[in-house]
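This report describes selected local features of one protein chain, moving from a single loop residue to the ion pairs, a surface patch and a pocket. It is intended to be read beside the sequence and the coordinates.

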Amino acid sequence: MTPALQPLRRIAAYCVCADGDDILLVRASAKSGTPGVWSLPGGAVDHGENPVDTVVRETAAETGLSVAVVKLRDVLADMRALPARSLTIHTDRLIYEVTVRGGALRDRVGQPTDLARWVTVEEAKKLPLRRFTADALGLPDAATDIRPDGVPEVPSFYAVPGPDGLHRAQRFAAYAVCTDRRNRVLLTRIADGYPGGGSWHLPGGGTDFGEQPGVALIRELVEETGQEGRIVELLGVASHRDAAQLGPEGYPIDWHGVRAFYRVQVARSSRPVIRDVGGSTAEARWFDPEDLDELPLTEVTEEALRGVGLR
C-alpha cells in the first residue's frame, strides 16, 4: 500500500525517434524520481508553450540532437506514485514522431537525465522502461512505475499564483468532431459568463485526474449532449494561451489549454439532452453542414471542422 500522497498534474510531450532499426532513449539520473529507468526523450510542457516546441526543446536538451516533428502519434495519460516525494502524478502525454535534423548525441551531468543512446528494440526489451515508453514502442510492460492505490479527487484545473502575481492555470481537455449517419454535426453552445459565451463549440471538456482522454471524451459527450459515440481517430492537438482570461471565477487567469481532438461517430443519434445542468454548456444541437455558416463558431471549432472537410 502507498501512503497518502499529494496529487500533482502536468502535461508532457515526447518523441519516438528512429534511425533504421534503432530507437532513441534517455536514462533518468539520480536527480529524477526514477533513477536508472529509460524513456523516450521529452518532458513537461511549460505554461503557454506549444507541445511541438516542447518536444523539440526537450529532445535537444536531453540528447544534443535537433529534431523536426513529423506527426502526432498518440495521446495518453497515466498515474504514478512517487512515495519518496510524497506525490501522485497524473501526466497527459503527447507522443510525436520526429526525424533528426542534426546535432551530435551527448550525455548530461547533474540533470534529470544523464545518458542518451540509440538502442534496438531487442535491447530496449531488456531495459527498465517507463510504462508509457513501453506502451509507445509496443513492448511488454516493464512495470517500473509504482501505481497509486486510488485516484484522488482533484478538480480538472486549479489556478495558482504565477511569478507575476497573476493566477495561472494549465488544463488538458478532449473534444469531438462528432457526426451521425446523416452527416450532421453535433455542437454545444457555451453558456453566458464563460469565455466565448453564446458561441457554438465542439462537445468535450477537461479530463479528470487518472482519466484517459478518450474515456473522458465519451463521458463528456454523454454529460453535455446525451449521445453515445465511438471514437474513430485522433485528429490532432492544439495549444492555446489566453494571458488574462475572464470566466465565472471573476478575476483574470493566465490560462493555457492543451486540447486533443478526435473524430467521433454516433450510430443512433437522438435529440440532445444536457445532463450536466448548470455548467458551461447552455445548449446542444445537431446541425446539417450547410447550416454551419450561419453560426457564431469558436475559432478552434472553425479550425477543427475545416480540418475534416466540414467547412
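## A loop residue with positive phi

Asn183 sits in the loop that joins β9 (167-180) to β10. The model is a predicted one, and in it the phi angle of Asn183 is near 65°, a positive value in a residue other than glycine. Asn183 has a relative accessibility of 37% and therefore counts as partly exposed.

## A buried threonine in strand β10

Strand β10 covers residues 185-190, and Thr188 is found within this strand. Thr188 has a relative accessibility of 4%, so this residue counts as buried; the cut-off for that class is under 20% relative accessible area.

Setting aside residues up to four places away in sequence, Thr188 touches a run of residues comprising Ser199, Trp200, His201, Leu202 and Pro203. Its other contacts under that condition are Glu224, Thr225, Thr281, Glu283 and Ala284.

## Salt bridges

The whole structure contains 21 salt bridges according to the search. One of them joins the side chains of Asp107 and Arg117, with an N to O distance of 2.8 Å. This pair links distant parts of the chain: Asp107 belongs to the loop between β6 (87-103) and β7 (113-120), while Arg117 lies in strand β7, 10 residues apart. Asp107 is partly exposed, at 37% relative accessibility, and Arg117 is also classed as partly exposed, with a relative accessible area of 34%.

A salt bridge is also formed by the side chains of Lys125 and Glu122, at 3.1 Å from N to O. Because Lys125 and Glu122 are 3 residues apart in helix α2 (residues 121-125), about one helical turn separates them. Lys125 is partly exposed, its relative accessible area being 45%; for Glu122, likewise partly exposed, the value is 48%.

## A further pair and a network

Arg311 and Glu302 meet through their side chains in a salt bridge of 3.1 Å, again taken from N to O. With 34% relative accessibility, Arg311 counts as partly exposed.

Salt bridges also connect several residues into a network, whose members are Asp208, Glu211, Arg219, Glu220 and Glu223.

## A nonpolar surface patch

On the surface, a nonpolar patch is formed by Leu8, Tyr158 and Val160. Together these three residues have about 230 Å² of accessible area. Val160 is located in strand β8 (residues 160-161). The relative accessible area of Val160 is 36%, so this residue is partly exposed.

## The largest pocket

The volume of the largest pocket is about 1,100 Å³. Its lining is made up of 43 residues. Among these lining residues, Arg171, Tyr175, Pro195, His201 and Arg259 lie nearest the centre of the pocket. His201 also appears among the contacts of Thr188.

Several strands and helices contribute to the lining, each supplying at least two residues. The strands are β9, β10, β12 (204-206), β13 (230-245) and β14 (253-266), and the helices are α4 (213-225) and α5 (299-307). Strand β10, which holds Thr188, is thus also one of the elements that line the largest pocket.

Terms used
Residues numbered from 1 in each chain as written. Predicted model: local features only at pLDDT ≥ 70, side-chain atom pairs only at ≥ 80, totals over all residues. Heavy atoms only, no water. Salt bridge = Lys/Arg side-chain N within 4 Å of Asp/Glu carboxyl O. Helix = DSSP H or I, 4+ residues; strand = E, 2+ residues; numbered from the N terminus. Buried < 20%, exposed > 50% of the residue type's maximum accessible area, 1.4 Å probe, protein only. Patch = residues over 30% accessible without salt bridge, like charges linked within 9 Å, V, L, I, M, F, W, Y side chains within 5 Å. Areas by Shrake-Rupley, 256 points an atom, 1.4 Å probe, with all protein chains shown as cover. Contact = heavy atoms within 4.5 Å. 1 Å grid on protein atoms, 1.4 Å probe; cavity = no way out; pocket = protein on both sides within 12 Å on 5 of 7 lines; lining within 4 Å. Points joined across faces, edges and corners; volume = space filled by probe spheres on them.
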